[in-house]
Amino acid sequence: MSDDEDLQLPSKKAKVVHFGSLEEVERQRLAKQEGQGSLGTDAVQAGILAGNINIGEGETFDLEEHQSERQKEVLEEFERRKRARQIHVSTDDSEVKAQLRQLGEPICLFGEGPADRRERLRQILAQIGEDKLKKDSAEDKKEEKKEYNDTTWYHEGPQSLKEARMFIAGYSIPRAKKRLEKACEVREIPAAQKNARMQELHRQLRALTNYGSQIGDSRPISFCQFSPNSKLLATASWSGLCKLWSVPDCKLVRTLRGHNQNVGCVVFHPQATLTLEDSACCMASCSADGAVKLWSLESDEPVANIEGHEARVARVAYHPSGRFLGTTCYDKSWRLWDLEAQEEVLHQEGHSKEVYDISFQCDGSLCATCGLDAFGRVWDLRTGRCVMFLEGHLKELFAIEFSPDGYHVATGSADNTAKVWDVRQRKCVYTIPGHTNLVSGLKFQGSEGQYLVTASFDCTAKVWAHPGWSPLKTLAGHEGKLMSVDISPDSKFIATSSYDRTYKLWAAE
């Protein structure tokens with residue numbers, strides 16, 4: 001058998017050709033599917049009856065709508081947090097509580113600290129909007145301002161106050177007339193003559209030197225003032241003693257004993273050592289315990305006490321007439337006492353903090369006060385009104401002084417500056433940044449106010465020309481901070497008292 005015989009060729013499958021319609025076949029297929037569907041339906045019905053299958057009645061769940069609502073809530077939460085971050089909430093806990101109270105929310109929750117309370121206010125404002133709180137605050141301020149503007153308060157004063165105002169008006173008007181007449185006479189002097197006088201005065205001031213020095217007490221000397229005749233110098237000390245010294249030999253004349261605490265000030269009556277008898281009340285002093293005492297030049301003990309202050313009295317000053325005495329108190333007020341009637345005629349408030357210094361205008365019609373609220377006020381004693389508000393210092397005021405020209409006022413402050421104010425223009429006309437520490441005292445030259453002397457805690461006193469306020473001389477020599485300064489009425493001496501327990505006299509060579 002050959003190889004060709006063993007090979008078997010594959011047989012070809014015959015093709016089947018259908019003739020006619022497929023309708024019958026399609027009918028059979030559909031009938032078969034319907035039999036299976038009925039069978040599935042029966043199974044579903046059996047599951048429903050058994051409680052294994054639950055089918056709702058036409059209920060649908062819109063997945064896209066649910067997702068959009070959720071997305072909207074998330075976006076609103078992000079926006080609220082963004083607003084909360086941008087809202088500025090005060091760090092002052094008292095202001096936070098006030099705002100919570102204004103919104104009708106509890107100001108404090110159990111266990112809540114200032115930081116938690118601040119965050120709670122931030123979240124509340126983020127929900128209701130910060131504009132609502134600002135609107136409510138603006139409306140409240142508007143109502144308060146309206147009430148303040150519409151309300152004028154008057155305090156009925158005693159009959160003695162009316163009499164005092166009448167006396168001051170009658171006393172000040174003739175003096176103002178004389179002052180203006182003198183100013184007109186000075187204006188008529190030729191400019192060359194006035195310049196020559198000014199140059200000579202400046203030459204003398206630049207030649208100032210230490211004339212004498214004296215240890216005044218065992219404690220710091222808080223105040224010094226010359227007598228009206230320039231022959232005595234009174235000093236006040238923290239030891240409670242006041243002393244009188246002769247000028248210019250600096251010898252002790254008398255020691256005044258009566259205060260139990262630090263003496264803040266001692267001043268002379270305007271007519272003491274001139275026309276007033278030595279046995280009369282020639283001096284007044286005050287201390288930290290609120291005591292105010294009157295002294296004569298013949299006795300070591302006080303001749304009278306002024307009672308009524310319940311806090312520290314910082315300064316006292318005589319009215320130019322000598323009839324009234326002004327006192328500044330740490331109860332935020334200053335008072336005017338009638339020494340002839342021996343009673344208090346005015347208890348004036350107006351400062352928001354302790355009142356420290358007081359000065360009377362040379363005519364007697366105005367009074368200037370300053371305090372630890374960094375403001376000064378000029379008062380009209382004839383009407384009781386505040387005619388000028390001295391605003392400009394950054395820190396407490398410790399000194400205020402009227403110029404002899406009647407319309408310039410100088411103030412010294414803890415911001416290391418002295419300012420000069422014009423009462424006519426009602427503004428500050430010059431700022432003297434001349435010290436490196438607070439200005440504790442200042443004084444105008446007594447007759448014409450041609451120069452100003454300032455004392456400071458930087459251990460120096462400085463002399464400034466007027467007008468122009470250029471520096472003329474620095475008086476250096478004290479080892480401690482200067483507490484007061486004064487110029488003798490005859491303009492020959494300048495006195496400074498210091499924390500180093502000494503006082504010094506300065507004069508031209």
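**Reading the terms in this model**

Q: Why is Lys 332 called partly exposed?
A: Its relative accessible area is 41%. Buried means under 20%, exposed means over 50%, and partly exposed lies in between (1.4 Å probe, protein chains only). The value of 41% falls in between, and Lys 332 is therefore partly exposed.

Residues are numbered from 1 along each chain as its sequence is written. This is a predicted model in which local features need pLDDT of at least 70, side-chain atom pairs count only at pLDDT 80 or more, and totals for chains, interfaces and linings use all residues, while side-chain values use heavy atoms, without hydrogens and water.

Q: Why is Ser 230 called buried?
A: The relative accessible area of Ser 230 is 6%. This value is under 20%, so the residue counts as buried.

Q: What is notable about the phi of Ser 230?
A: Ser 230 is not a glycine, yet its phi is positive, at about 65°. Most residues other than glycine have a negative phi. Ser 230 lies in the loop between strand 2 (221–226) and strand 3 (232–237); strands are DSSP runs of E with at least two residues, numbered from the N terminus.

Q: How do you know that strand 18 and strand 19 pair?
A: Two strands pair if DSSP finds at least two bridges between them. Strand 18 and strand 19 (residues 408–413) share 5 bridges in the antiparallel sense, so the condition is met.

Q: What makes strand 18 and strand 21 edge strands?
A: The open sheet has the order 18-19-20-21. Strand 18 (397–402) and strand 21 (427–432) each pair on one side only.

Technical notes. Helices (H or I, at least four residues) and strands (E, at least two) are DSSP runs, numbered from the N terminus.
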